[in-house]
Amino acid sequence: MWPWGHLLFGAFAYFGYRRIRQLGTSRVSVGLSLTLGTQFPDLVDKPLAWYVGVLPTGRSLAHSIFTFFLVAVVLTQIGWRVDRDEAVFAFLFGYFTHIVGDIIPPLLDGERYYATFFLWPALPAVDYGTELTLLPRLRALDPSPVLFVQFGLLTLVAIGWYLRARTAHS
């Protein structure tokens, strides 16, 4: 999943969660925290695997459910102490949706092996073959109608979040 796909998946899931819980509008800082959470596993794993070479793949350490729980415990403790538990929850929500968003496609394709990364290091790293780094991946990106729809949705989410937060604080 591309970064904007992770952001859309996390944002729509979070909007749904807030709507179901009838929580109303959250602060812009919470939206930024959610955004960072939806990107966090790739911001850790991809550079450490592709450029530094200390991780076996771009889906290992920060994509592991074990790391997620460790980060959740640490950030929750910090969030309580500095009274930022809503922002911490949004970050963790985005982080978790990132992992789920990477698990769903291989499961839908019937390729369960490619969904086992979330149990690393309890299970071996998934062999994805040659992993292209960011620039070659972007060059190979097909400007399809689906891509334009994703960017359109991303734009609507950003504008909607901004306008809701702005009117809530007016």
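How much area does the protein expose, and what share of it do carbon and sulfur atoms supply? About 10,200 Å² is exposed, and carbon and sulfur atoms supply 68% of it. Accessible areas here come from the Shrake-Rupley method with a 1.4 Å probe, and for residues only the protein chains shown count as cover.

Before you click further, remember that this is a predicted model, in which local features need pLDDT of at least 70, side-chain atom pairs count only at pLDDT 80 or more, and totals for chains, interfaces and linings use all residues. Residues are numbered from 1 along each chain as its sequence is written, and side-chain values use heavy atoms, with hydrogens and water left out.

**Stop 1: the whole chain**

Switch to a cartoon view. You will find 6 helices and 0 strands, running α-α-α-α-α-α from the N terminus on. Helices (H or I, at least four residues) and strands (E, at least two) are DSSP runs, numbered from the N terminus. The radius of gyration of the protein is 17 Å, close to the 15 Å that the globule rule gives for 170 residues, so the protein is as compact as a globular protein of that length. That radius is taken over C-alpha atoms, and the rule is 2.2 Å times the number of residues to the power 0.38.

Now show the C-alpha atoms alone: along the principal axes, they fill a box of roughly 50 × 40 × 30 Å. Of the 170 residues, 36% count as buried. Buried means under 20% relative accessible area, exposed over 50%, and partly exposed in between (1.4 Å probe, protein chains only).

Next, think about contacts, meaning heavy atoms within 4.5 Å. Among contacts between residues at least 6 apart in sequence, 67% join residues at least 24 apart.

**Stop 2: helix α1**

Select residues 3-20, which make up helix α1. At 1.5 Å a residue, its 18 residues should span 26 Å, and the end C-alpha atoms are 26 Å apart, which agrees. The expected span is 1.5 Å times one less than the number of residues in the helix.

Which residues of α1 are buried? Colour Trp4, Gly5, His6, Leu7, Leu8, Gly10, Ala11, Tyr14 and Arg18 to see them. While you look, a general point may help: an α-helix has 3.6 residues a turn, so residues three or four places apart point the same way.

Stay in α1 and pick phenylalanine 12. Phenylalanine 12 is partly exposed, with a relative accessible area of 41%. Setting aside neighbours within four places in sequence, phenylalanine 12 is in contact with Leu153 and Val157. Phenylalanine 12 and valine 157 are 145 residues apart along the chain, yet their C-alpha atoms are separated by 8.4 Å.

Then step past the helix to glutamine 22, which follows α1 and has a positive phi, near 55 degrees.

**Stop 3: helices α3 and α4**

Select α3 (65-81) together with α4 (85-108). Zoom in on valine 71, found in helix α3. Is valine 71 buried or exposed? At 17% relative accessibility, valine 71 counts as buried. Beyond neighbours within four places in sequence, valine 71 is in contact with Phe91, Leu92 and Tyr95.

Follow the last of those names to tyrosine 95, in helix α4. The C-alpha atoms of valine 71 and tyrosine 95 are separated by 9.8 Å, with their places 24 residues apart along the chain. Tyrosine 95 counts as buried, at 0% relative accessibility. Not counting residues up to four places away in sequence, tyrosine 95 touches Gly37, Thr38, Phe40, Pro41, Ala62, Ser64, Thr67, Phe68 and Val71.

Also in α4 is valine 88, which is buried with a relative accessible area of 14%. Valine 88 touches Ser33, Leu75, Thr76 and Gly79, again not counting residues up to four places away in sequence.

**Stop 4: two loops**

Select aspartate 83 in the loop between α3 and α4. Aspartate 83 has a positive phi of about 55 degrees although it is not a glycine. At 57% relative accessibility, aspartate 83 counts as exposed.

Finally, move to proline 121, in the loop between α4 and α5 (134-139). What is the peptide bond from tryptophan 120 to proline 121, cis or trans? The bond is cis, with omega near 10 degrees.
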